[in-house]
Every structure is written in C-alpha cells, then in structure tokens.
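Got your viewer open? Load the model and let's walk through it, one selection at a time.

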Amino acid sequence: MRSLTLEAFDGAFKKSTIDVIAFPDLTRTWWVMPDVSAAAAVFSERAPVPILKRIAQELGPILVRLEQKGIRDARQADWRTQVQIGALLHDGACHVLDDAPFGPGILLAGYMHGHRRPHDIDTAVRDQLQYWVDTESTNMRASLAAEELLRCGVVVAPIRGASFALVRSLTEDFNDPSALPSVPLKLPGEIQTLLVVAGDHALRFTPPNTWHRNVLTR
C-alpha cells in the first residue's frame, strides 16, 4: 500500500476543483481533515459521528482566533484549543493550505481507518490486544510495577483512529457477550489482569486463561 505524504495530499487538493465552506472573518483556506471512521459505518447509536455542517459552524470561530494569533496549524495552539479541535475532528488534522487556488474558508476532507473482518474473535480481538501489550504497554507496566495490591491495567479504546477496528469487532462483528477469545494473552509480570473498554463492551483477562466480558449500561 502506497502512503500519501501531507505535501502530496496538499498538491492533489490544489489541482482539484473543490468547494470551500466560507466563514466570516477567515482570511486563509484551512484544510480540515476529521477522522470519519465512525461515520463511515454507523455501528452504534452512541457512536460519536462527525457531522460536517456542525464541524464547520463550530470550528469556524476557533480558526478565526488562530488566525488572529498568527497560528497556521492547530498543533501550535494552546492545549485547551487543541482539545476543542480534537473533539470536533476526532483527532484529525487542521492547518492552513498555502497557495490554495480558491478563496478563504474551510476545506473539509475526511479520512478513515479500514477494518478487516476476521472470522474468529481470537484474530480480531485477542491478537490486537496482544500486539498492544507487546508494543505499547511500557507506561502501564512502569506505573504498575510498584503496586502492592492487584495490578490491574485498564485500556480504554477510543472510537476513532487505529483502535476503531477493535471497537467495531466487539460491538458489531462479535457483539454476543458470551463470545470470548479461546487463546490466552501473554501478560508481562507487572500486569496481573488487563481490562479493556471498547465502545459499550468491557473485556477482562486474568492469567492463566480466564476471560470475562460485560456489556456496559448507562
């Protein structure tokens, strides 16, 4: 699979005929790319689905303030503003598009994370969790190492980005609460039990081979 750099993506936009959403007081063209994985496949009535019109209406005043401060990329804003933008875009990208062949405004272009549909829950869920444990659990292990009581690690998978596939596997592909992996996780010594919250499902593993699963209610 060929990756597309930010520069190449900008170049593709500049060569295209694209409508920009005008917003009062904006003097630049802002390239805004929300993560629309959840919107691409609405699998839960509580899924936070991005709505393009709402994004433009709520993001416009924030972008005006950024321009007034001379900020051209949302990543350069103060942390409160970054949180606001992140909530609207589901952690998507937002920056000024230089030399745009169209007027000031908001140029929306969503992206999504693909989702394979394995035929078994071990491949779809257990293997993904094992990969996380093997590659991303360093901070969790360090924080639990000195604990004298039960060392329980908790992972909350957001309904966006790369974890979208895991959430969808549990909430749609294998949504029966009785469906559990058959292969145990290989946990490091610092983690005695691992709790994973994905959407409205909670999955817990305790060595040597004990899986539990619950559906969360409000």
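By class, three nonpolar, one polar and three charged residues line the largest cavity; here Ala, Val, Leu, Ile, Met, Phe, Trp, Tyr, Cys and Pro count as nonpolar, Asp, Glu, Lys and Arg as charged, and the others, Gly among them, as polar. This is a predicted model, with local features needing pLDDT of at least 70, side-chain atom pairs pLDDT 80 or more, and totals for chains, interfaces and linings using all residues. Numbering runs from 1 along each chain as its sequence is written, and side-chain values use heavy atoms, without hydrogens and water.

To see the lining, select Ile-62, Arg-65, Leu-66, Lys-69, Ile-71, Asp-78 and Thr-81. Helix H3 (residues 52-68) gives the most, three residues; helices are DSSP runs of H or I, at least four residues, and strands E runs of at least two, numbered from the N terminus.

Next, pick Asp-122, in helix H5 (residues 121-136). What is the nearest side chain of opposite charge to Asp-122? Arg-126, 5.6 Å away, and the buried Asp-122 has no salt bridge. Buried means under 20% relative accessible area, partly exposed 20% to 50% and exposed over 50%, with a 1.4 Å probe on protein chains only; a salt bridge puts a side-chain nitrogen of Lys or Arg within 4 Å of a carboxyl oxygen of Asp or Glu.

Now jump to Leu-180, in the loop between helix H7 (164-173) and strand S5 (193-198). Leu-180 is partly exposed, at 32% relative accessible area. Show Leu-203 too: its C-alpha sits 8.6 Å from that of Leu-180, 23 residues apart along the chain.

How values were computed
On a 1 Å grid over the protein atoms alone, a cavity is a set of points where a 1.4 Å probe fits but cannot get out, and a pocket is an open set with protein on both sides within 12 Å along at least five of seven lines; lining residues have an atom within 4 Å of a point. Lys and Arg count as positive and Asp and Glu as negative; His and the chain ends are not counted.
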